[in-house]
Amino acid sequence: MAEQSKPADKSTSEPRPAPILQDKVSSPVDALIRFALRFRRFLRDVVGIVLIAFALMTLIALWWPTLAGGVVLIWTKLLRWALGWGSVLLVIGVGLAGLLILYPRREGGPLIRWWRVFMFEIGSFALLGLLSALSGASLERVEQGLDGGAVGWGLVELVRMGLSSLGFSHVFWPGLLYALILSVGVYYSLGIGTWLRRWETAKAPLLRSESEPAVSVAPAQNAAVLPSPSTTKKRPLIPPQFRKKFKIDPAPAAPVAPPPPRNDQLPPLDLLLTETANRMDERAINETAGLIEKTLAEFGIPAKVVGFKTGPTVTQFAVEPGFVEKPTSAEDEAEKRKVRVAQIVGLQRDLALSLAAARLRIEAPVPGRPYVGIEVPNERSAVVRLRPIMEHEAFHKASSPLAIALGRDVSGQPVIADLERMPHLLIAGTTGSGKSICIAALTLCLVMNNTPQDLRLVMIDPKMVELVRFNGLPHLYGKVETDVQRILGVLRWVVSEMDRRYKLLESLSARNLEAYNRKASRRKGMELLPRIVVMIDELADLMMAAPDQTEPMVIRLAQLARATGIHLAVATQRPSTDVVTGLIKANFPARLSFAVASSIDSRVILDTTGAETLLGRGDMLFLPPDMGSPQRAQGVLVTDGEVEKVITFWQQNYQAEALPPPWEQLLAEMEVTADKDDLVEKAIAYVKKSRHCSASLLQRQLRIGYPRAARLVDELEELGVIGPSQGGGRERDVLVDPDGKPAAEDGDDE
């Protein structure tokens with residue numbers, strides 16, 4: 001109760017204002033503190049620069065006294081009298097202090113070992129004493145600013161006074177003592193012991209490799225295996241029975257036969273970049289081959305590395321399975337049986353661990369070869385360019401206007417494909433794996449070998465950033481389409497163009513586009529049809545936005561467009577079953593997969609695993625339509641500079657009339673009929689085909705009532721498909737031709 005009767009503390013309930021006099025007294029201090037806090041990030045720089053400048057000024061004044069004056073001259077005279085020749089040590093110490101103050105802002109600051117600083121100071125004082133002892137500790141030299149100065153003379157006299165009682169009054173003994181102290185100070189301040197230990201550690205592997213036997217002895221079970229303190233990579237120790245002596249063949253000479261001359265209308269290959277040779281290390285290849293044999297032997301699998309192939313990204317080692325002896329019975333001799341391929345495949349992770357490889361792929365077996373291929377990533381990857389592949393003999397042997405350069409395989413040979421035979425290509429891979437660069441390389445390869453009269457491109461890029469650099473290319477219909485709603489109209493136009501071409505092929509009894517153009521060139525007034533390649537950079541966005549419209553059109557084009565000269569190259573970063581459906585997959589026999597997230601995605605795109613072990617950055621698996629297993633390759637890399645040069649060439653050498661894209665009228669009709677029913681589209685199709693239009697015709701043809709047919713006629717008039725009413729029950733004039741273009745006025749008003 002007594003505690004409750006105490007008055008409450010006012011300081012806890014409400015703040016008490018400070019006296020005005022106290023504010024006046026502490027305000028300069030507060031201002032100084034606020035100034036230091038505000039400019040503290042510049043304080044270290046200012047102090048460091050001041051110390052370095054002070055050290056430089058002192059050093060200049062010590063060596064050239066005539067340049068100094070005023071306070072600096074007095075300071076240097078005092079410094080030389082006090083320290084003599086040791087004044088240089090003070091200048092060095094001040095300069096190092098300034099550098100250490102500036103250094104943390106730049107690199108995070110070194111670790112300062114203060115015991116080394118202490119030993120440096122002891123060594124400096126010992127040096128002053130030694131210099132004075134060597135000159136006989138003369139006061140005359142001290143007045144001249146020589147030797148160790150007054151400090152060094154005092155240190156010598158102090159030690160000599162202490163040793164004189166023992167009978168060692170000569171100046172030699174203080175000099176000997178300070179020489180010993182100087183040696184200890186230099187040894188510890190400079191860290192000479194640490195440098196010696198590092199040198200011994202670096203030299204130890206060389207000495208051990210010369211003295212160790214060929215067969216290593218395993219450590220005791222209880223012995224702890226500690227990591228080596230050396231930062232250098234330790235080379236593995238391979239027993240003699242597993243050591244290899246493979247030799248890398250020199251680079252093949254240039255082909256004797258020059259490549260065939262290019263058409264003058266096509267861009268020269270000089271616009272493209274060339275490759276730089278990547279020389280492989282024989283020692284690394286032999287060590288890797290030996291480690292593969294050694295690891296397989298440790299797991300009881302006899303095998304032998306019989307060869308290797310070096311590619312831009314990986315090296316494939318040819319592993320030939322051996323034989324194991326298995327007794328059939330107690331009395332019979334052991335029977336030799338071949339090692340199963342599945343046993344080697346099951347050790348994929350163990351091999352990756354032994355080789356310290358990020359990812360490792362096993363091709364079991366290599367098609368057409370009696371060995372298993374173990375693909376190990378190279379330490380340095382080589383860049384694959386488009387120009388050397390286009391100059392290669394294999395590219396010219398393809399002799400196809402739609403030949404495309406995909407990259408180089410595991411042996412460094414070019415991988416060439418023909419889009420005309422595929423006839424469509426499906427590409428998959430995660431973000432950043434190389435899909436968009438692959439489409440750009442395919443586009444650049446096609447436009448390098450075809451003129452705009454022979455090849456036209458339709459580019460669809462829902463991601464809006466990857467393919468827009470091709471805008472302005474004469475081969476391109478319009479611009480790169482990025483809006484989803486316009487893209488659906490573009491696909492619908494491609495389907496209608498395919499149907500139109502089939503009618504033209506039927507009119508000339510042509511089996512394909514090449515036969516049609518050959519027959520049409522012999523007749524006057526016949527239209528020559530160019531090949532059309534449709535590039536879709538991201539199918540998943542279209543399937544998510546409008547799957548009911550996208551999938552039927554893509555499937556119909558993939559099924560029927562080959563004969564009309566229309567080809568698809570479709571890419572997606574999500575190769576799931578809801579994007580790459582069964583029907584889409586069945587009509588794209590040629591597939592190309594970059595690195596994917598899981599083996600499930602690899603099975604969706606390639607029908608097998610392996611794409612999940614790819615390295616990314618252009619590393620890919622290509623499944624041709626005529627092969628059962630995918631082929632590994634490093635994709636072609638094209639730069640923005642190469643694309644710009646090729647586009648500039650075509651713009652300067654091909655003057656084309658600026659026309660709107662052919663699907664603009666179809667998009668306008670879609671926009672108008674967006675809020676109308678399907679009867680309008682059926683009525684438009686009938687009117688275009690029959691070239692007649694009236695309410696009674698639509699009533700009979702569409703099987704609707706007269707009021708609905710009359711409204712359809714009015715809607716067709718609003719859309720500009722038919723002309724106005726002529727009265728007297730006469731038919732309306734049809735204003736568009738069967739291709740959807742405005743019909744010429746024939747003036748047949750009878």
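How many aromatic pairs does the count come to in this structure? The model is a predicted one, and the count comes to 5 aromatic pairs.

**Aromatic cluster**

One of these pairs is formed by Tyr477 and Trp663, whose rings meet edge-to-face, with 6.3 Å from centre to centre and 80 degrees between the planes. This pair links distant parts of the chain, its members being 186 residues apart. Tyr477 belongs to the loop between strand 10 (455-460) and helix 17 (484-507), while Trp663 belongs to the loop between helix 23 (640-653) and helix 24 (664-672). Trp663 is buried, with a relative accessible area of 0%. Trp663 also pairs with Trp493: the planes of these two rings stand at 65 degrees, over the 60 degrees required, so the pair counts as edge-to-face. Their centres are 5.5 Å apart. Here too distant parts of the chain are linked, since Trp493 lies in helix 17, 170 residues from Trp663. Through such ring pairs Tyr477, Trp493 and Trp663 are joined into a cluster.

Are the members of this cluster buried or exposed? The table gives the relative accessible area of each residue.

| Residue | Relative accessible area | Class |
|---|---|---|
| Tyr477 | 15% | buried |
| Trp493 | 9% | buried |
| Trp663 | 0% | buried |

Buried residues are those under 20% relative accessible area, and Tyr477, at 15%, is therefore counted as buried.

**The sheet of 9 strands**

An open sheet of 9 strands shows mixed pairing and the order 8-7-15-14-13-9-12-11-10. Strand 8 (414-418) and strand 10 each have a single partner strand and stand at the edges, so one side of each lacks a neighbour in the sheet. From one strand to the next, the twist averages 30 degrees.

Within this order, strand 7 (residues 403-409) and strand 15 (residues 631-635) run antiparallel and are joined by 3 bridges. Gly407 has Gly635 of strand 15 as its bridge partner. Helix 16 (residues 435-449) lies across several strands, including strand 7, strand 9 (425-428) and strand 12 (566-572). The direction of helix 16 is at about 130 degrees to strand 7.

**The cavity**

A search of the whole structure finds 1 cavity of 30 Å³ or more. The largest cavity holds about 50 Å³ of space. Its lining includes Gly311, Pro312, Thr313 and Val314, together with Arg408, Asp409 and Arg632. Which elements give two or more residues to this lining? They are strand 7 and strand 15, and strand 15 gives the most, with 3 residues. Strand 7 and strand 15 are thus named both in the lining and in the antiparallel pairing described above.

**The sheet of 4 strands**

An open sheet of 4 strands follows the order 1-2-6-5 with antiparallel pairing. Strand 1 (303-310) and strand 5 (361-363) are at the edges, and because each has a single partner strand, one side of each is without a neighbour in the sheet. On average, neighbouring strands of this sheet are turned by 25 degrees against each other, direction ignored.

Strand 5 pairs with strand 6 (residues 372-377) in the antiparallel sense over 3 bridges, and Glu363 stands opposite Gly373 in strand 6. Helix 11 (residues 282-298) lies across strand 1, strand 2 (314-321) and strand 6. Helix 11 runs at about 150 degrees to strand 1.

Conventions. Residues numbered from 1 in each chain as written. Predicted model: local features only at pLDDT ≥ 70, side-chain atom pairs only at ≥ 80, totals over all residues. Heavy atoms only, no water. Phe/Tyr/Trp six-rings, centres within 6.5 Å; stacked < 30°, edge-to-face > 60°. Buried < 20%, exposed > 50% of the residue type's maximum accessible area, 1.4 Å probe, protein only. Pairing = 2+ DSSP bridges. Axes fitted to C-alpha atoms, helices over the stretch in contact; angles between N-to-C directions. Contact = heavy atoms within 4.5 Å. 1 Å grid on protein atoms, 1.4 Å probe; cavity = no way out; pocket = protein on both sides within 12 Å on 5 of 7 lines; lining within 4 Å. Points joined across faces, edges and corners; volume = space filled by probe spheres on them.
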